[in-house]
Structure formats: structure tokens, C-alpha cells
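Please examine the structure shown below. The paragraphs that follow discuss a pocket and then a strand with its neighbours.

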Amino acid sequence: MVERVAPFTKEQIGTGTVRFPSGEPIPSISDLSVDPYFKTRQSKAAQVEGLMFWPQAKGTYPALIVLHEAWGLNVQIKDLAARLACEGYVTLVPNLYARQGGMVTANAEVAAALMERVKEADMMQDLNACCEFLNTRDYVKRNIHGAIGFGMGGWLAMRFACYRRRLRTSVSFYGRLITPLSLLKDQACPIQYHRAALDQGVTAEQVEELTRVAREYGKRIDVRTYEGSPLGFCNEMRPDTYRSDAANRAWEATVEFLSECFKDAK
């Protein structure tokens, strides 16, 4: 089997920090250039903070919002976002804990406490702002966006697919399932769900019910189950749960799925 080569190397990827308002109009680059008070004006809106990665070759690209696990915006999720950028996407990684100080942790109890404080309404507003911000970048294809998340971010990616009507694709890695399932009637795009078979929080019966309800609503959810794999099997920073074979298979399936969903946009 010939190993697939990404269209860009990491040396060809640009990176930078971002900060923009949530719940307010996003100023465009031209707006900022004619506003002498922008840097000193204090917005009352919550701010989305994060990182961006993009191919530096001239052109316009589809964009992916990359959503981190309960651990926060750590090195592992940054590396994943850079790797996705090498596949030909602009990737935006919002710090989902920015409203809580942007904390990063390796402690499971602290991570659980941080995750409990996340408010769904705030997250949907912040992710929507991410899409509007991407629409102000001249190297991003307008409204050609997707979401991909892991753990807590996987749940958010699936939930966002039932919130933003213009989303093109959503990939959820072992996120908890959205409830109630009636939300799927608003699912705007195909979803790929990567299930860890050893995750006791998401059973085979629950996934079967998810796909049944999706079919009733005429929606597409592709489920891939990785036998013998625990929650977090794609996180190489956690050797107790990392499974390289499952992670590699999931990555290849994800790249193929994204390419299919964006095939008319590249």
C-alpha cells in the first residue's frame, strides 16, 4: 500500500494568533485599516481567542474549526491543526476555555471541572463567530467551512452541525452524543463519528439509535467503530489510551471524508 502524501509540508504552513469578538460583527481587514482607534477601543463582547494555521501558497482554501478535548488548547491539538493545514485547509483552533482564563491541564479532575463550566449557548455563539471571522480572511473560501473535534470538542462539532446551516462537514472523535436526538432534524451537513469501542459513555445501542434517528430525518451520519480502543485513542500525549493503528486508520478515514465533503470547493 502506497502511503498518501499531504499536498503541503509543515514548512509551507503559516501560523498566527487570533482574537475577535463573539456575538458582534467581525471587523474586516479593510475596516481595521481605516479605523485609527481599533487597537485601543474596548469591546464589551466576549472575545474568541485561538490559533490559525494555513497553507502559504497563494490561493483560497476551505476552512476547519478544530475543537480541543477537555484538556484545553495544548500542544497535541496544535499539532493536529497544523497537520490538517498540510492537507490543504485553513484551520482555526479556538480556545474553548478563553472565558475561563484559557487554562490547559493534564489533570483529569481539573479537566472535568473545566468542561462542566462550558455553556452550550456560549460555545455555539463562539463557533458561529469563528465562521464569520474566517469569512473576513482573503485566503479562505467564503462559507466553505467544517468542524472537527475530539472528546469534548467532538460533542461540540456534532452539536454545531445542527446549529450552523451553512456548515459543510463535521467530524466527531469519541464525543458524547448530542441530546435530545430530535436536534438531528436541523443537521446541516454530513457527520463522521469515530467511536471508541471501549468507551462506556457511548454504547453500541446508543450509536444505533443515533443512526436510526438520522435516517428518519434523511440525514447522513457515518459511524466508524474501533474495536479494542479506549476513549482518547488518537491522543499520542496519553500513552495509556493511545492506539497508533486505530489513530492512523481514523486519520485516513477523516482525510477521505473531508475531501469528499469539500470536493466541489477545492
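In this predicted model, 21 residues line the second largest pocket, and those nearest its centre are Glu69, Ala70, Gly151, Met152 and Leu231. The space in this pocket amounts to about 400 Å³. Rolling a probe the size of a water molecule over the atoms reveals where empty space is left. Two elements, helix 3 (108–117) and helix 5, each give two or more residues to the lining of the second largest pocket. Helix 3 gives the most, with 4 residues. When the lining is sorted by class, 11 residues are nonpolar, 5 are polar and 5 are charged.

The next element to consider is strand 5. Is strand 5 largely enclosed by the rest of the structure or not, and why? Of the 11 residues of strand 5 (residues 140–150), 9 are buried, which means that the strand is largely enclosed by the rest of the structure. A residue counts as buried when its relative accessible area is under 20%.

Which strands are joined to strand 5 by bridges? Strand 3 (residues 61–67) runs parallel to strand 5, and 6 bridges join the two. Within this pairing, tyrosine 61 has valine 140 of strand 5 as its bridge partner. Strand 6 (residues 169–173) also runs parallel to strand 5 and is joined to it by 5 bridges. Here, glycine 146 has threonine 169 of strand 6 as its bridge partner. Between strand 5 and strand 6 the chain passes through helix 5 (residues 152–161), forming a right-handed β-α-β crossover. Helix 5 thus belongs to this crossover and also contributes to the lining of the second largest pocket.

Terms used: Residues are numbered from 1 along each chain as its sequence is written. This is a predicted model: local features need pLDDT of at least 70, side-chain atom pairs count only at pLDDT 80 or more; totals for chains, interfaces and linings use all residues. Side-chain values use heavy atoms; hydrogens and water are left out. Buried means under 20% relative accessible area, exposed over 50%, partly exposed in between (1.4 Å probe, protein chains only). Two strands pair if DSSP finds at least two bridges between them. A crossover is right-handed if, with the strands pointing away from the viewer, the path from the first strand over the helix to the second runs clockwise. On a 1 Å grid over the protein atoms alone, a cavity is a set of points where a 1.4 Å probe fits but cannot get out, and a pocket is an open set with protein on both sides within 12 Å along at least five of seven lines; lining residues have an atom within 4 Å of a point. Grid points are joined across faces, edges and corners, and a volume is the space filled by probe spheres set on the points. Ala, Val, Leu, Ile, Met, Phe, Trp, Tyr, Cys and Pro count as nonpolar, Asp, Glu, Lys and Arg as charged, and the others, Gly among them, as polar.
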